[in-house]
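Hello,

Here is the structure I promised to pass on. My notes follow below it.

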Amino acid sequence: MSLLLTGIAELVTNDRSVGDGSQLGLVRDAAVVVTDAAIAWIGPSSAAPPCDRRRDLGGRAVVPGFVDSHAHLVFAGERSAEFAARMAGVPYDGGGIATTVAATRAADDDELRRLLASRVAEMRAQGTTTVEVKSGYGLTVADEQRALRLAGEVTSETTYLGGHVVPPGVAREDYVALVTGEMLAACAPHARWIDVFCEPASPHAFTGEEAEAILLAGRGAGLGLRVHGNQLARGPGVALAVALGAASVDHCTHLARADVDALAGSATVATLLPGVEFSTRSPYPDARRLLDAGATLALATDCNPGTCFTTSMPFVIALAVRDLGMTPAEALWAATAGGARALCRDDVGVLRPGARADLTVLDAPNHVHLAYRCGVPLARALEL
Ligand code: NIG
Ligand code: FE
């Protein structure tokens, strides 16, 4: 069965070889043919081939589904009191993670499954069609493995984050040994990636040496590498990620010049999470400096109950445009193609024949409205 979509005022393909030749590859008055959940054809409406079915989108814009490459969705409980305290001046240091660990361990599988499904549905309703999901609120062998098993029910982009924080009451060396040993062995079969919270400025997170040991063990178990780095202060996270060839280093809020140069000269994506700075009332990362240096950027929500409890990529795009100095086109690219790069995927984040038909429709004539009409629910994933 083929489906012809017409009435697309502006189609964002992220393919420079079509349309206006810009980074977004804009095609005006476009049509798309979908067959078996894949894109079969893209072009001007006037040249659309005949299809089994036809749907008119009424002059709306269509963009690649958002690729949210950084999210912590397997958790129970919430931390609104911590957020309120932060808005009254209490700084964030990662200590609240223990609260979520306790609530998550206490929840049964069905409760976690229900919470996870509702968060993924909330994302889809706002245009996100690919999401990465991390563990990291279990911090025991059984609880981390459970989180990854549940995550694998909703996405192929599963990330083992046993190295989130050292759980209270456990000795640091013992915990690193567990994360790189028994816990890794139990989790690796359920994960595509390994991540670590490398942040010497936090008493709860991991130093550069500890993070390196965790990442090397993960690589040895066949996992791809991702890093939480340079969120709270300058530190070794970015340099480590680049040196080890990680797919992405996320946060990148406090960068030394050498970090910017390293990112610019590498394939490691710098994933910015401005919802975190919004929700922790912290200074924003310098996206302009990174872009001007030639680094590849992604934007993601970091959805989690501590530093940023939003599922909304349009909100993140609006923040990136308003507060990170990105243009609407740069922000949309980073939220789609950039996220795909951060996950080493070429079948999402771009609309071209052969790619997945992950289409997000905007109740607007063009992509600029995502930031221009901030806070208005314009984006939704198209159900085929
Ligand atoms: O990406 N920085 C570390 N981890 C999460 C926050 C987790 C939490 O506070 O619950 C983050 O910001
Ligand atoms: Fe995170």
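Which protein donors hold a place around the iron ion (ligand 2)? They are His70 (NE2), His72 (NE2), His228 (NE2) and Asp302 (OD), lying 2.0 to 2.3 Å from the ion; donors here are N, O and S atoms within 2.8 Å of the metal (3.2 Å for Na, K and Ca), and since water is not among the atoms, sites may look incomplete. Along the chain their spacing reads H-x1-H-x155-H-x73-D. Histidine 72 is in the loop between strand 5 (66–68) and helix 1 (80–87), and aspartate 302 in the loop between strand 13 (297–299) and helix 12 (313–323), so this pair ties together parts 230 residues apart in sequence (helices, H or I of at least four residues, and strands, E of at least two, are DSSP runs numbered from the N terminus).

This is a predicted model, with local features needing pLDDT of at least 70 and side-chain atom pairs pLDDT 80 or more, while totals for chains, interfaces and linings use all residues. Residues are numbered from 1 along each chain as written, chains are lettered from A and ligands numbered from 1 in written order, and side-chain values use heavy atoms, without hydrogens and water.

On to ligand 1: an oxygen atom of ligand 1 is 2.5 Å from a polar side-chain atom of tyrosine 92, and arginine 79 has such an atom 2.7 Å from a ligand oxygen (polar contacts pair N or O atoms within 3.5 Å).

Best wishes

Methods. Polar contact = N/O pair within 3.5 Å; in protein donor to acceptor, adjacent residues only side chain to side chain.
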